[in-house]
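Please examine the sequence and the structure shown below. The paragraphs that follow lead through selected parts in turn.

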Amino acid sequence: MKKQFLKISLLIISCFACFGVYANHHEKEYKFETLAEGLSFPWGIAFLSNDEILVTEKTGKLRVIKNGNLLEDSVSGVPDSLFKGQGGLEGIVLHPNFENNKYLYLAFSETDPGNSKLNTLRVIRGKLERLSLTNVETIFKASPSRRTANHYGAKMVFLKDGTLLITSGDGFSYREMAQELDNHFGKVIRVNDDGSIPEDNPFISIPGAKPEIWSYGHRNLQGIVINSDGSVVYEHEHGPRGGDELNIIEKGKNYGWPAITYGIDYSGALISPFKEKEGMEQPIKYWVPSIAPSGMTFYDGDLFPDWKGSLFISALVPGDVRRISLNGTEVIDEEILFNSLGRIRNVVSAPDGSLVLAIDSRKGKIIRVVPNK
Amino acid sequence: MIDRVKKVGFLFLAILLVSFLVGAQTTVFNLIWLSSVDMPVTFGVLISSIYHDFVLMTLTPAPPAPLPLLPTIISLGLFIAFGVTWIILKWTGIEKKYAYGIAGAMALVFIVYLMPLLFFGVDMLAGARSTIGKISLIICGYLGGHFFGSRLSKV
């Protein structure tokens with residue numbers, strides 16, 4: 001009896017030891033460093049350098065983190081945004097030639113100047129000089145305005161040809177309009193860096209179609225990135241209850257929402273009984289149940305060699321980051337990381353190859369992920 | 001005692017009826033739009049969609065809520081509207097089926113117009129986004145109230 005007890009005890013201790021070694025091994029891969037605390041719903045992140053980071057707060061301020069310190073003063077000259085529902089000061093991107101022209105682009109929701117009950121998505125650019133944004137000009141304004149404060153999209157990325165892609169969400173209550181070309185709901189928009197319309201946009205010659213449209217049939221697109229050689233555009237969007245999607249965006253394509261979807265409505269109702277149709281693109285990955293994808297980066301850094309070539313997608317629910325391994329444009333694996341930090345609003349690659357996370361909260365944080373060495 | 005049980009049963013059936021009609025309205029409105037963009041909507045798709053929506057909207061909890069969303073909201077609306085009607089009927093001689101019919105309609109008026117105020121302008125019932133959708137939902141409320149009132153008259 002005593003021997004049996006000893007054997008069982010040894011077995012249990014061995015199991016714990018093995019688990020400890022396994023857990024320790026995984027802990028050793030990376031560690032977290034808090035760069036800034038007390039940010040009000042941090043949303044978008046852009047790097048002036050590895051140690052100088054711009055962060056948009058959804059409540060309307062553009063903050064600067066310099067050498068690990070959150071500067072007290074925010075950037076002046078940023079237009080007022082509408083902080084309501086899912087709206088606020090959101091997307092941020094630097095011009096590819098920022099070193100020389102100092103252009104910074106911001107996407108945010110704002111009240112319609114002609115009707116205070118309506119609002120819309122607006123994108124501006126301005127010159128960032130020290131802590132001031134000057135020469136602010138509108139690059140894009142979604143049309144028509146909406147009465148809902150949901151589903152703005154508001155993410156941006158520059159393509160290698162110098163044009164800018166902007167995600168414009170379906171406004172929640174206007175989902176059917178994502179299938180029509182006479183509006184900006186549920187679209188990826190493409191403009192030149194000054195807001196003019198590129199001549200090779202796909203619907204530019206179609207009467208009644210908005211000439212800025214690059215692709216359509218989207219829902220709430222909160223992640224858009226290009227791969228390291230700029231040849232592939234990845235986009236993710238929130239589904240309703242289930243049906244979050246990761247797509248490859250191509251010129252003029254229809255991504256199906258809401259005619260085809262893997263999700264259902266929050267009420268439980270079918271949005272569509274159809275999941276595929278000829279002429280409508282399929283996602284390269286979808287999630288049921290939803291993970292609420294909120295930001296994305298294509299990792300091409302050197303600090304984590306095993307992660308090179310992966311997509312990282314931040315998820316609000318349950319609060320983690322998904323590392324998507326790719327073989328070409330095919331998804332081959334998904335790994336769940338950083339699931340102890342709460343709602344993660346964004347994930348971006350820093351110039352030094354670390355990953356930087358925005359933790360979504362009234363007192364949000366910016367966290368850097370570095371190798372644990 | 002039996003009459004009281006019957007009344008509660010009729011109330012439950014009225015809630016179920018309105019929930020079913022509201023769900024079916026959402027389904028039909030969705031399918032009309034899908035058909036308009038050349039999706040292959042057949043009679044079979046219609047029947048299976050109505051069944052799906054009835055089961056998921058009326059009988060299945062909608063996470064994170066622990067209860068089915070639609071019948072919970074409709075119950076709340078009908079309880080208040082029928083309660084007020086019960087008081088009014090003590091002093092007036094309106095036929096119950098019409099009085100409760102109007103009460104059911106009023107409950108849906110509040111649901112379709114007040115819900116967007118709580119959700120930043122969002123209509124949680126997709127079928128309530130257009131004026132014709134709102135009117136048809138209010139008619140669903142009337143039918144549920146009418147059913148309840150007419151059953152009460154026979155107790």
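The model is predicted. A suitable starting point is helix 3 of chain B, whose buried residues are covered by elements that include helix 1 (2–36), helix 2 (43–59), helix 4 (96–118) and helix 5 (131–153) of chain B.

Which residues of helix 3 of chain B are buried? They are B:Leu69, B:Leu70, B:Pro71, B:Ile74, B:Ser75, B:Gly77, B:Leu78, B:Ala81, B:Phe82 and B:Thr85. In this model, a residue counts as buried if 20 or more other C-beta atoms lie within 10 Å of its own. Helix 3 of chain B itself comprises 20 residues, from 69 to 88. The distance from its first C-alpha to its last is 29 Å, which is close to the 28 Å expected at 1.5 Å a residue.

Attention may now turn to chain A, where 4 strands form an open sheet. Their order is 18-19-20-21, and their pairing is antiparallel. At the edges of this sheet are strand 18 (293–298) and strand 21 (330–337) of chain A, each of which pairs on one side only. From one strand to the next, the twist averages 25°.

Within the sheet, strand 19 (residues 311–315) and strand 20 (residues 320–327) of chain A run antiparallel and are joined by 5 bridges. As one example of bridge partners, A:Ala315 is matched with A:Asp320 in strand 20 of chain A.

Finally, the two chains may be considered together. Contacts link 23 residues of chain A with 27 residues of chain B. On the side of chain A that touches chain B, the residues comprise 10 nonpolar, 8 polar and 5 charged.

How values were computed: Residues numbered from 1 in each chain as written. Chains lettered and ligands numbered in written order. Predicted model: local features only at pLDDT ≥ 70, side-chain atom pairs only at ≥ 80, totals over all residues. Helix = DSSP H or I, 4+ residues; strand = E, 2+ residues; numbered from the N terminus. Expected span 1.5 Å × (residues − 1). Buried ≥ 20, exposed ≤ 12 C-beta atoms within 10 Å, placed from the backbone. Contact = placed C-beta atoms within 7 Å. Nonpolar A, V, L, I, M, F, W, Y, C, P; charged D, E, K, R; others polar. Pairing = 2+ DSSP bridges. Axes fitted to C-alpha atoms, helices over the stretch in contact; angles between N-to-C directions.
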